[in-house]
Amino acid sequence: MTLYEELTQRELQQWQQKMQRPPSAVNRLAKAVQRRINRIIPARVHQAVTAAIKQMTRGVLYGAGFTTRQPDSAASLQVREADVRDRIRFYKKTGATEGALTGAGGFWLALADFPLLLGIKMKMLFEIAALYGYPIDDYRERLYILHVFQLAFSSQERRQEVYHQMERWNEQSQLLPDDINQFDWLTFQLEYRDYIDLAKMAQLIPGVGAAVGLVVNYRLIDSLGTTAMNAYRMRWLDDLARKEKLPPPDRW
């Protein structure tokens with residue numbers, strides 16, 4: 001392993017520990033508060049958000065996907081991650097600008113932020129997957145992208161479940177059925193919606209929507225980028241370990 005890969009491995013282990021922490025009292029309280037807020041928010045708002053999320057997930061699973069440049073197949077992890085960080089910075093700026101514009105436009109334009117932001121996040125994930133060298137035209141890789149998305153935007157309880165599904169993805173993916181309809185769309189939609197509702201609903205408030213949209217979108221994309229990097233590092237180092245016949249990375 002190179003020095004960069006060794007340093008990356010240490011960062012990855014810290015992230016893995018974070019993913020496996022049990023839900024704290026604060027996490028459980030936040031989930032309870034979110035359930036109460038969900039009962040207050042108008043049904044039309046929930047319907048609009050849920051429909052947007054469902055259509056985007058359908059597009060990811062069934063559509064032609066997003067086109068993106070492929071990295072040099074011989075590129076090192078360090079070179080790939082330099083490109084990944086560059087793309088994350090680009091999408092953070094893009095998402096922040098989009099959030100500020102829609103947040104300044106009133107209630108209905110602010111609602112448009114949900115599908116727009118979702119599209120920006122998915123585009124970024126497709127680019128990150130390709131930069132790490134994974135074939136995004138493979139539906140199993142698209143399912144992995146959706147798992148990364150869930151890992152970033154779920155409650156801690158759900159996050160633990162998703163993380164364990166991703167630990168040995170190379171083996172797990174071989175067991176996946178050919179019918180991608182078996183993906184748990186309902187949980188995906190509800191967890192994502194509940195995760196972002198509390199922060200994003202303030203974007204609908206006149207006068208502060210632009211500022212909220214800018215800051216929240218920037219932070220959400222930053223969090224997703226960090227999650228994606230570590231999720232693909234886990235696979236990269238696992239692949240490296242198998243090639244060199246070393247113990248799996250999370251056992252080092």
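In this predicted model, helix α7 (residues 139–152) packs against helix α8 (residues 156–166) at an angle of about 150°, and the two axes lie 9 Å apart. That angle makes α7 roughly antiparallel to α8, since anything over 145 degrees falls into that class. As for handedness, the crossing of α7 past α8 is left-handed.

Who actually touches whom? On the α7 side, the contact is built from Tyr144, His147, Val148, Gln150, Leu151 and Ala152. Helix α8 answers with Arg158, Arg159, Val162, Tyr163, Gln165 and Met166. Sorted by class, the contact of α7 with α8 comes out as 7 nonpolar, 3 polar and 2 charged residues. Tyr144, Val148, Leu151 and Ala152 of α7 belong to the nonpolar group, as do Val162, Tyr163 and Met166 of α8. The charged pair is Arg158 and Arg159, both contributed by α8. That leaves His147 and Gln150 of α7 and Gln165 of α8 as the polar members.

Zooming out, the helix pair sits in a chain with 11 helices and 0 strands. Read from the N terminus, the order of elements is simply α-α-α-α-α-α-α-α-α-α-α. The chain runs to 252 residues, and 49% of them count as buried. Its exposed surface comes to about 12600 Å², with carbon and sulfur atoms supplying 56% of that area.

Contacts across the sequence round off the picture. Taking contacts between residues at least 6 apart in sequence, 81% join residues at least 24 apart.

Key
Residues numbered from 1 in each chain as written. Predicted model: local features only at pLDDT ≥ 70, side-chain atom pairs only at ≥ 80, totals over all residues. Heavy atoms only, no water. Axes fitted to C-alpha atoms, helices over the stretch in contact; angles between N-to-C directions. Helix = DSSP H or I, 4+ residues; strand = E, 2+ residues; numbered from the N terminus. Parallel < 35°, antiparallel > 145°, perpendicular 65-115°, else oblique. Left-handed = near helix turned anticlockwise from the far one by under 90°. Contact = heavy atoms within 4.5 Å. Buried < 20%, exposed > 50% of the residue type's maximum accessible area, 1.4 Å probe, protein only. Areas by Shrake-Rupley, 256 points an atom, 1.4 Å probe, with all protein chains shown as cover.
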